[in-house]
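This report looks at how selected helices pack against each other, at the nonpolar cores, and at one loop position.

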Amino acid sequence: MTGPSTPELTFWPGSMGSRGFIAVLDAARAGGFPATALSPLTLHELLVSGHDWQWIRAEADARGVRPAHLDGVASWAPIRYADDLPAPLKQRFDFTPTEALDLAEAAGMDSVLACGAFAAGTVPLDELVASYAAFCRMAEDRGLRVELEFVPFWGIRDLATAWEIVRRADRPNGTLMVDTWHLLRASDEPRTALDLLSDIPKDKVTGLQLADALLSPQSDTLFGEGRFRRFPGDGELDMDTVIRLLLDKGGLRSVGVEVFGEAIDGLSTEDAGIRAAKTVQTALARATR
């Protein structure tokens, strides 16, 4: 694992994850990423199709890519997901806390990305704090960090709520994942969120996902807007401020691009990895010059 001052470049598949395990590894290798994220569903489907952990590790090792992050666990919360969540997302989140952590541990991962896929207002904050703390304790026994991500169109809608959960849970392995699209494009008050971000202790913001966007509406719904993410530098978001702030803090463990929709779906597997690497490296260089 890299140190806090040198965040590891991580390939987050985004919607390219639907191409499967080998495609994700090939994209990460093409971009020179040392680490990648994988969903519980991807790993589960490999195992039930007859592959074993030795094969999974061998395929990753052959490409010089380390599975480092389990991308998306919602079952830590008292309500796993909202009734109206699209079926593919329900399938992706349909793993118990133990099942998800077992997958991450067996894959030799560093962290689990936790989110709240329940409907906003359906779970009291006190229950979320208690459930998150319990999940962190389970993960700690396996040597895993739990990075909580707020998603504005789901149950944990803003940075303030996510930080309150992490702060009150007060677990050493409980931290935050910040997504620039969520923070700057989907937040009701991005300036307030940025001010709060600067006040959060450095060791509590360990992950950064980069995605750009146009500021003008591209969809009738906020969820739909997520399909119009762009690679860093291809939109209008002030990502430099976020990157600079978090790098100056010195607590980031990983940073990568996460793009959904046409921007990545129209690229070949290799080109997706190369494009992700080039834009994350350019974004980091621009923010620090």
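Axes here are lines fitted to C-alpha atoms, for helices over the stretch in contact, and the angles between them run from 0 to 180 degrees between N-to-C directions. The model is predicted. On that footing, the axes of helix H6, which spans residues 125–140, and helix H7, which spans residues 159–169, come within 9 Å and cross at roughly 55 degrees. This angle makes H6 oblique to H7, and the crossing of the two helices is right-handed. On the H6 side the contact is formed by Leu125, Asp126, Leu128, Val129, Tyr132 and Ala133, which meet Thr161, Glu164, Ile165, Val166, Arg168 and Ala169 in H7. Sorted by character, the residues of this contact comprise 8 nonpolar, 1 polar and 3 charged.

A second helix pair is formed by H1, residues 21–31, and H3, residues 53–62, whose axes come within 10 Å and cross at roughly 25 degrees. Angles under 35 degrees count as roughly parallel, and H1 and H3 are therefore roughly parallel to each other. H1 passes H3 in a right-handed crossing. Phe21, Ile22 and Leu25 of H1 make this contact together with Trp55, Ile56, Glu59 and Ala60 of H3, and the residues involved divide into 6 nonpolar, no polar and 1 charged.

The two pairs are set out below.

| Helix pair | Axes come within | Crossing angle |
|---|---|---|
| H6 (residues 125–140) and H7 (residues 159–169) | 9 Å | roughly 55 degrees |
| H1 (residues 21–31) and H3 (residues 53–62) | 10 Å | roughly 25 degrees |

Turning to the interior, the largest nonpolar core has 82 residues, and those with the most contacts inside it are Leu148, Leu183 and Leu197. When neighbours within four places in sequence are left aside, Leu183 is in contact with Phe150, Leu159, Val178, Pro190, Ala193, Leu194, Leu197 and Val242. A second, separate core consists of 8 residues, among them Ala74, Leu89, Cys115 and Ala117.

One loop position remains to be described. Gly121 lies in the loop between strand S4, residues 111–114, and H6. Is Gly121 buried or exposed? With a relative accessible area of 79%, Gly121 is exposed, since a value over 50% counts as exposed. The C-alpha atom of Gly121 is separated by 16 Å from that of Asp188, a residue 67 residues apart from Gly121 along the chain.

Conventions: Residues are numbered from 1 along each chain as its sequence is written. This is a predicted model: local features need pLDDT of at least 70, side-chain atom pairs count only at pLDDT 80 or more; totals for chains, interfaces and linings use all residues. Side-chain values use heavy atoms; hydrogens and water are left out. Helices (H or I, at least four residues) and strands (E, at least two) are DSSP runs, numbered from the N terminus. Angles under 35 degrees count as roughly parallel, over 145 as roughly antiparallel, 65 to 115 as roughly perpendicular and the rest as oblique. A crossing is left-handed if the near helix is turned anticlockwise from the far one by less than a right angle, and right-handed if clockwise. Contact means heavy atoms within 4.5 Å. Ala, Val, Leu, Ile, Met, Phe, Trp, Tyr, Cys and Pro count as nonpolar, Asp, Glu, Lys and Arg as charged, and the others, Gly among them, as polar. A nonpolar core is a set of buried Ala, Val, Leu, Ile, Met, Phe, Trp, Tyr and Cys residues joined through side-chain atoms within 4.5 Å. Buried means under 20% relative accessible area, exposed over 50%, partly exposed in between (1.4 Å probe, protein chains only).
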